[in-house]
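Colleague: Got a minute to walk me through this one? I'd like to start with the odd backbone spots and then get to how the chains meet.

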Amino acid sequence: MFGYYLDLALRSLKRNRVLTALMVLAIALGIGTSMTTLTVMHVLSGDPIPQKSAQLFRVRMDVSPDDHFRQGDKVPDNLTRRDAEALLRDGKADHQAAMSAGAMVVVSAQGEPLRVATRYTGADFFPMFDVPMRYGQAWRPEDDAARARVAVISGDLNEQLFGGKDSVGKTLQVGGQSLRIVGVLGDWAMNPRFYDLSNGQFGNSEQVFLPLSTALDLKLSTSGSLTCWGSAPDSRAPEAPCIWLQYWAELDTPAKAAAYRQYLQNYIALQQQGGRFSHPGLAEELDVMQWLDAKGVVPSDVRLQTWLALGFLGICLLNTVGLLLAKFLRRSGEIGVRRALGASRRAIFLQCLVEAGVVGLAGGVLGLALAALGLVLVRHQPTDYAAYIHMDLSMLLLTFALALASSLLAGLLPAWRAMQVAPAVALKSN
Amino acid sequence: MQIKPVLVALKKHRLATLLIALEIALACAVLCNAVFMIASRLSAMQLVSGVDESSLGFIQLGGFDPKSAHDLNARVVAGLGAIPGVQAVRVINSVPFGPAAGAFGVTLDQAGKQFRGVPELYLGAPGTPEALGLKLVAGRMPGAEDYQTVLEGYLPANSNVLVTRVFAEHLWPGEDALGKTFWTGRNQFRVIGVVAQLSVQQYDEEGERGAQWTVFVPVQPGPQLAGTYLVRADPRELDRVMVDARTALAKIAPDAVVDHQQSDTLPALRTRFFQADRALTGMLVGVIVSLLGVTALGIVGLASFWVAQRRKQIGIRRAIGATRGDILRYFQTENFLIVTFGIALGMLLAFVLNALLMKFYELPHLPLYYLPLGAIALWVLGQLAVLGPALRAARVPPVVATRTA
């Protein structure tokens, strides 16, 4: 029966090509714009580290002195060096690392100075974020304590400096100091770069990683948000009243997470009792997805575009409903004949829906092409996420599901009206 | 033209009428809000920087040894100053549309109780306000004695500063700002001059900082202020000067790396800063065009269907004396009524949509005059779309009435 309906639908659609083309175009435009914006949303709101995102926690706290504390202020994202070092010393989590972004200049094989993005962090960074190593391995916790002159470099930088060969044991010249390379990263890029959203949210991983203690020792320049509560000759000094360090902890079980929460509350309470401030203070830990949500990684522009596109799809669907209605009712005579010859209302209804579905599928195919075009446009936009926008299998399937569902939805009302055509009246008026 | 017969006829096609009206309503709501967003993007892009943008360029160096800051500054200022066409080179921490260089929370009292927001600070060497082209509206420009050497930290303990008119009004509403003081931490600022405008480096509409919340602090260059330079040249020569400057820097400062992304002319930095806004505007225009297109196609489709369906009725009307104009006007009136109905519904929707957008995206209130404008646009669209089918209807010959079926 389905085959017969399909045949009827195709015949009917061929009969009025302009109207068919209008309907297909309307659905395609709606699907194309919706899928373009939904794909951007899908990529931007994706989980950068799905295997661990529920076990990784960003720790942030408000320990501002009383004269800088205002009720209702946002919780600062970063910690002071004093607090970060205290938490690291206690080491209550399965893995933990304080970190900061920075930049340094290294000299390439051709003798040209290269400015590279760096990350100053602890040995736990690598196991915590499942960072793959191509050569060698990460530095050890002892190296953090010893402020060892060691570094891990990215595969890219290894390519540029050493032609991609195993460079473990070689040295990196940085401002008159040399760092011994202990490891080379495999392919690793977190998009969005959830562990530090303040220095470009999308892009490749940093090119050089070295112990935070070493960077502080060498007074390497840091970049990123820095807020101080008072003037400090050196904002990176151990007791400087400045918040600038990002802190991540890995807590493998919910029980550990609960225990860690308690530990943070105790820590804050102790700080308050110690006279650092008189307000209650605040400490919290957010898992990766909560953190991304809190930081609004999906730009409001993109959300807005998505709503606009869905509104547009709505208009296209209303349009299709109107055109399908016109099309089906125009065939009242034909439907009357079929009904008179014994076709049930159900049969008429199904036949009309099959026709709507065919329009929807055609609209889906064309819409997919339009979405691909839209994504090309998005990739040419001047945003840092542009390069990472692509359609995956799930979005491809969603396109067809959306096209089919929306065209069937659009076909429901016209099909309902068509099946209620009274055969006698339809035949007589012809 | 009588409206009553049209209304009676429309009652027979309630469903189709309702569909078109709904489509118009949605289109009206989206159209008003999209146009409004375009207008607010465009006005955001008009941000006045308060400096002579077309004459200015910015250079940022990195990777040098902070200990050699004095020497580097001297070499760069002298070296770039020697490039033909360069009118001035000044050490400055950043420029409007340049990298974010220093935001400081300020208070009106030393104890730090009366917090008044987080303005951005511009730090510049002698001659910087003049090179920027700042317009003084009260007080005086910093003199040679106001440019202090910073011994510790980032700022002098006491500085004589310039503030913008907007920020002065924010700190001391309705009062004369000259001679007044404010603080950031233990550093005191005394206002010696008020400038018309000087915009922040990276203005964020969603942030708490106003676009003109800036303070100019005169300082001597040193380790705390090095590697970032303002270059002034004739607007016609600026592009060439900046290219020359970048080449020259390889010789002047081989120990530093030029940050090519940040080192550019101010017009180029401005263009880059508003790129996302332009992209959004383009996308909104695209949505509006397709939206109107689809709506027009819907009207054409349905009107054609009605014309075909009523061929016989039209023939009869023509046979009993209706002119072609009567038929044409019938379909035009019909369309006008449907679109009006849709617009009425659409205005309600537009306000609901705007209320939602205001809630979730902190968009301002939709000004009322957008609604009649949207209405006129849709009326025109409707009339244009129905013209084709209506003309076809007007061409139906009276003889059709005599034929069966």
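**Odd spots and chain contacts**

Modeller: Sure. B:Phe97 sits in the loop between β2 (86-91) and β3 (120-124) of chain B. Bear in mind that this is a predicted model.

Colleague: What's phi at B:Phe97?

Modeller: Near 75°, so a positive value in a residue that isn't glycine. Most residues other than glycine have a negative phi.

Colleague: And is B:Phe97 buried or exposed?

Modeller: Buried. There are 26 C-beta neighbours inside 10 Å of B:Phe97, and the cut-off for buried is 20 or more.

Colleague: Where does A:Asp130 sit, over in chain A?

Modeller: A:Asp130 is in the loop between α4 (125-128) and β5 (133-136) of chain A. Phi of A:Asp130 is near 55°, again positive in a non-glycine residue.

Colleague: How many other C-beta atoms are within 10 Å of A:Asp130?

Modeller: A:Asp130 has 11 of them, so A:Asp130 counts as exposed; the limit for that is 12 or fewer.

Colleague: Peptide bonds next. Which residues does the cis one join?

Modeller: A:Asn191 and A:Pro192, with omega about -5°. A:Pro192 is in the loop between β8 (177-185) and β9 (208-211) of chain A.

Colleague: How far is A:Pro192 from A:Val298 in space?

Modeller: 9.7 Å, C-alpha to C-alpha, with the two positions 106 residues apart in sequence. A:Val298 belongs to the loop between α9 (288-294) and α10 of chain A.

Colleague: What does A:Val298 touch, leaving aside neighbours within four places in sequence?

Modeller: A:Met41, A:Leu44, A:Ser45 and A:Arg303. A:Val298 is partly exposed, with 19 other C-beta atoms within 10 Å.

Colleague: OK, zooming out. How is each chain divided into domains?

Modeller: In chain A, domain 1 takes 2-45 + 298-429 and domain 2 takes 56-294. In chain B, domain 1 is 4-45 + 276-402 and domain 2 is 53-273.

Colleague: How far apart are the domain centres?

Modeller: Over C-alpha atoms, the two domain centres are 50 Å apart in chain A and 53 Å apart in chain B.

Colleague: Now the contact between the chains. How many residues does each one put in?

Modeller: Chain A gives 40 residues and chain B gives 40 residues. On the chain B side, the elements giving two or more residues are α2 (14-44) and α8 (275-309). α8(B) gives the most, with 15 residues.

Colleague: What's the chemical make-up of that chain B side?

Modeller: 24 nonpolar, 11 polar and 5 charged residues.

Colleague: How do α2(B) and α8(B) pack?

Modeller: Their axes are 10 Å apart, at an angle of about 160°. That is over the 145 degree cut-off, so α2(B) and α8(B) are roughly antiparallel to each other. Their crossing is left-handed, and the contact has 20 nonpolar, 3 polar and 3 charged residues.

Colleague: And across the chains, how do α10(A) and α2(B) cross?

Modeller: Helix α10 (residues 300-330) of chain A and α2(B) cross at roughly 160°, with axes that come within 9 Å. α10(A) and α2(B) are therefore roughly antiparallel too, and α10(A) passes α2(B) in a left-handed crossing.

Colleague: Which residues meet there?

Modeller: From α10(A), they include A:Leu308, A:Phe312, A:Ile315 and A:Leu325. From α2(B), B:Leu15, B:Leu19, B:Glu23 and B:Val30 are among them. By class, this contact of α10(A) with α2(B) has 16 nonpolar, 4 polar and 1 charged.

How values were computed: Residues are numbered from 1 along each chain as its sequence is written. Chains are lettered from A and ligands numbered from 1 in the order in which they are written. This is a predicted model: local features need pLDDT of at least 70, side-chain atom pairs count only at pLDDT 80 or more; totals for chains, interfaces and linings use all residues. Domain bounds come from an automatic or database domain assignment. Two residues are in contact if their C-beta atoms, placed from the backbone, lie within 7 Å. Helices (H or I, at least four residues) and strands (E, at least two) are DSSP runs, numbered from the N terminus. Ala, Val, Leu, Ile, Met, Phe, Trp, Tyr, Cys and Pro count as nonpolar, Asp, Glu, Lys and Arg as charged, and the others, Gly among them, as polar. Axes are lines fitted to C-alpha atoms, for helices over the stretch in contact, and angles run from 0 to 180 degrees between N-to-C directions. Angles under 35 degrees count as roughly parallel, over 145 as roughly antiparallel, 65 to 115 as roughly perpendicular and the rest as oblique. A crossing is left-handed if the near helix is turned anticlockwise from the far one by less than a right angle, and right-handed if clockwise.
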